[in-house]
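User: I should like to go through the assignments made for this structure and the grounds for each of them. Please set each value against its criterion before concluding.

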Amino acid sequence: MGKYEIKGQGIAGTLESSDIQIIIDQNPGAGIEISLKSDVEKQYGRQIRATIEKTLKKMGITDAKLIVVDKGALDCTIVARTIAAVHRAAGITEKYDWEEIDSWNV
Amino acid sequence: MKNTVGRDIPQEYAEKYGVFEGQYAKKTSYQRASGKVTPVHPGESKLVGSIREAIEKCGLKDGMTISFHHHFREGDYVLNMVMDEIAKMGIKNLYLAPSSIANVHEPLIEHIKNGVVTGITSSGLRDKVGLAISQGIMKNPVIIRSHGGRARAIETGALHIDVAFLGVPSADEYGNANGSHGNAICGSLGYAKVDAEYADKVVLITDNLVPYPNTPISIPQNLVDYVVKVDAIGDPNGIAKGATRFTSNPKELLIAEIGSKVIVNSPYFKNGFSFQSGSGGSTLAVARFLAEEMRERGIKAGFILGGITSNMVEMLEEGLAEKIIDTQSFDRGAAESLARNENHYEISASFYANPGNKGAAVNNLDVVVLSALEVDTDFNVNVLTGSDGAIRGASGGHCDTAAGAKLSMILTPLVRGRIPTIVEKVNTVITPGEGIDVVVTEIGIAINPRRQDLIDALKDSGIPQFTIEELKEKAYKIAGTPDPIEYEDQVVALVEYRDGSIIDVVRKIKE
């Protein structure tokens, strides 16, 4: 078991323009499932999914169900919201590992 | 077949219309078209009781071409009113040729589905109608024409109008009309003037019938067949919707300020210069910054062309500009000025921008300030299709003014939300890059390498200069490189350049 274990639903982000809202929940044994709605689906849908998947992988998450509503967020926002959603879903609300989080910065 | 901006034009359209070969490639003489005239004798009345009666008297039949103007913009009642009546009468297979189509014309989708309308030409198509067309609801492609291109098509006879239904804010019973007096005033009737002159039948629709003779006369009685009085032709609030919003967005203001600096440092900023700028956002704000510079340096504009907004009227009345030449009034302030100011002069769309006539007003323009949905590294501009590939904008006077003006500027942020505006290849080319001189963004400008004189002139201006590729790289660095939009084969719109050649096509979007 990795450092981050999805114990329940976690949510981060808003529906404001240039933001992204990520709701993450358990998906035992079924891998990563992302349901994405995005204003920029045609040009960036593939990249938004890839950015979320990459971030989850770094956090050691292999099974999760995500409902994502994107309002044209940049990659940095997508990464931050994903990290926050995972922390909340894992019940981690203090003693963040800032050093590790910082190492994920692109 | 590839045209000179590298766009692949399907053979059947390339053969029928010819492909774009350069902005001044065509200089073809033509015999001016003319409308049919049925004389009106003394004692005969032109006033009819209803729109239906007017349609019947005009002899409107299946397969004919009808037109409207878009001076009422989002406040227009006329197009929907007439189309509903036509649909009720069971007339089908019409070719619809308004000067443009707005959001408010959404009921057109039903008329297309029901076969009432089977062909369209327009400057543009807005959200819902544009999306429906981009989803392929009509078999025949829409022909997108610029304002000047439409006037040219009408004058050469490429677009023949059987019946023009023209909403007018004031008219007398014998057909003298103007747009600057009445309830729902729209100011200039510049687009309608062309239709009135060339259509076989001309129907005026007004909510303000005044005693004969109605002056000033924008559309004269000798061109008008019938006059109909209705309760309301438009919503005055919708006419000016969004147009004269003065931005408080700091990014837009910064772009406007840099844009103004470009003009001030260009060789054209001197007494008697002329300019045109669009409505809304940065392009509107640039006129404010420019006005300050003009006051400070004691420089007066010879004329302002447009697309006229209230702030340009203020410049006229302050004495910063000698004249306004107006083909379309964007707000009530502009419309009222047309009635009040002798030096605010109304012109037709042909006078304004027709590349085929004996010299359009855009040819006399020094500076034009334009906006864009996208600009590419060849300086080609898209103002028609959105980031989802669907038609949502309008050609307008973009390519007309860009071709005419000595200095054509595009004001745009590097990115909008996540969508880069400086890109490798635009979705749809409306204005060819050869007509664009400077692209202005919040971080600086890119000057078209064709304009070494401007690069030299702006060298010491203090404005940061980049190549257009550098601007594109910066945009992609923020947003990521966009995936190309996927289309199907079906062509849903042909984009005519102002000279009538095909500069691009729009295809059905993949769902």
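User: Where does B:Ser461 lie, and why is B:Ser461 called buried or exposed?

Analyst: In this predicted model, B:Ser461 sits in the loop between α15 (452–457) and β24 (465–466) of chain B. Its relative accessible area is 16%. Buried means under 20%, so B:Ser461 is classed as buried.

User: What makes the surroundings of the B:Ser461 side chain polar contacts?

Analyst: The criterion is a pair of N or O atoms within 3.5 Å, one able to donate a hydrogen and the other to accept it. The side chain of B:Ser461 reaches the backbone oxygen of B:Leu458 at 2.7 Å. A polar atom of the B:Ser461 side chain also lies 3.2 Å from the backbone nitrogen of B:Ile463. Both distances are within 3.5 Å, so they satisfy the distance criterion.

User: Why is the pair B:Arg150 and B:Asp195 called a salt bridge?

Analyst: A salt bridge requires a side-chain nitrogen of Lys or Arg within 4 Å of a carboxyl oxygen of Asp or Glu. The closest N and O atoms of B:Arg150 and B:Asp195 are 2.8 Å apart, so the pair qualifies. This pair links distant parts of the chain: B:Arg150 belongs to helix α6 of chain B and B:Asp195 to helix α7 of chain B, 45 residues apart.

User: How do you know whether B:Arg150 and B:Asp195 are buried or exposed?

Analyst: The relative accessibility is 8% for B:Arg150 and 0% for B:Asp195. Because buried means under 20%, B:Arg150 and B:Asp195 both count as buried.

User: What is the accessibility class of B:Asp366 and of B:Lys406, and what makes them a salt bridge?

Analyst: The closest N and O atoms of B:Asp366 and B:Lys406 are 3.1 Å apart, which is within the 4 Å limit, so the pair is a salt bridge. B:Asp366 lies in the loop between α13 (349–353) and β15 (367–370) of chain B, and B:Lys406 in the loop between α14 (398–404) and β18 (407–411) of chain B, so the pair ties together parts 40 residues apart in sequence. B:Asp366, with a relative accessible area of 13%, is buried because that value is under 20%. B:Lys406, at 39%, falls between 20% and 50% and is therefore partly exposed.

User: Why are A:Arg49 and A:Glu41 said to form a salt bridge, and what is the accessibility class of A:Arg49 and of A:Glu41?

Analyst: Their closest N and O atoms are 3.5 Å apart, within the 4 Å limit, so A:Arg49 and A:Glu41 form a salt bridge. A:Arg49 has 27% relative accessibility and A:Glu41 has 30%. Both values lie between 20% and 50%, so both residues count as partly exposed. Over all chains, the structure holds 31 salt bridges.

User: How do you know that chain A and chain B are joined by salt bridges, and which residues dominate the area that chain A buries?

Analyst: The count between chain A and chain B is two salt bridges. In one of them, the side chains of B:Asp483 and A:Arg46 meet at 2.8 Å, N to O, a distance within the 4 Å limit. There are also seven residue pairs in polar contact between the chains, both residues at pLDDT 80 or more. The contact involves 13 residues of chain A and 16 residues of chain B, and the buried area is about 1,300 Å², of which carbon and sulfur atoms give 46%. A:Lys42, A:Gln43 and A:Tyr44 supply 57% of the area that chain A buries against chain B, more than any other three residues.

User: What is the count of salt bridges between domain 1 and domain 2 of chain B, and what else is found between them?

Analyst: Between domain 1 (48–237) and domain 2 (250–484) of chain B, the count is zero salt bridges. There are nevertheless 19 residue pairs in polar contact, both residues at pLDDT 80 or more. In this interface, 37 residues of domain 1 of chain B are in contact with 33 residues of domain 2 of chain B, and the buried area is about 2,500 Å², with carbon and sulfur atoms giving 56%.

Terms used. Residues are numbered from 1 along each chain as its sequence is written. Chains are lettered from A and ligands numbered from 1 in the order in which they are written. This is a predicted model: local features need pLDDT of at least 70, side-chain atom pairs count only at pLDDT 80 or more; totals for chains, interfaces and linings use all residues. Side-chain values use heavy atoms; hydrogens and water are left out. Domain bounds come from an automatic or database domain assignment. Contact means heavy atoms within 4.5 Å. Buried area is the accessible area (1.4 Å probe) that two parts lose on being put together, summed over both. Helices (H or I, at least four residues) and strands (E, at least two) are DSSP runs, numbered from the N terminus. Buried means under 20% relative accessible area, exposed over 50%, partly exposed in between (1.4 Å probe, protein chains only).
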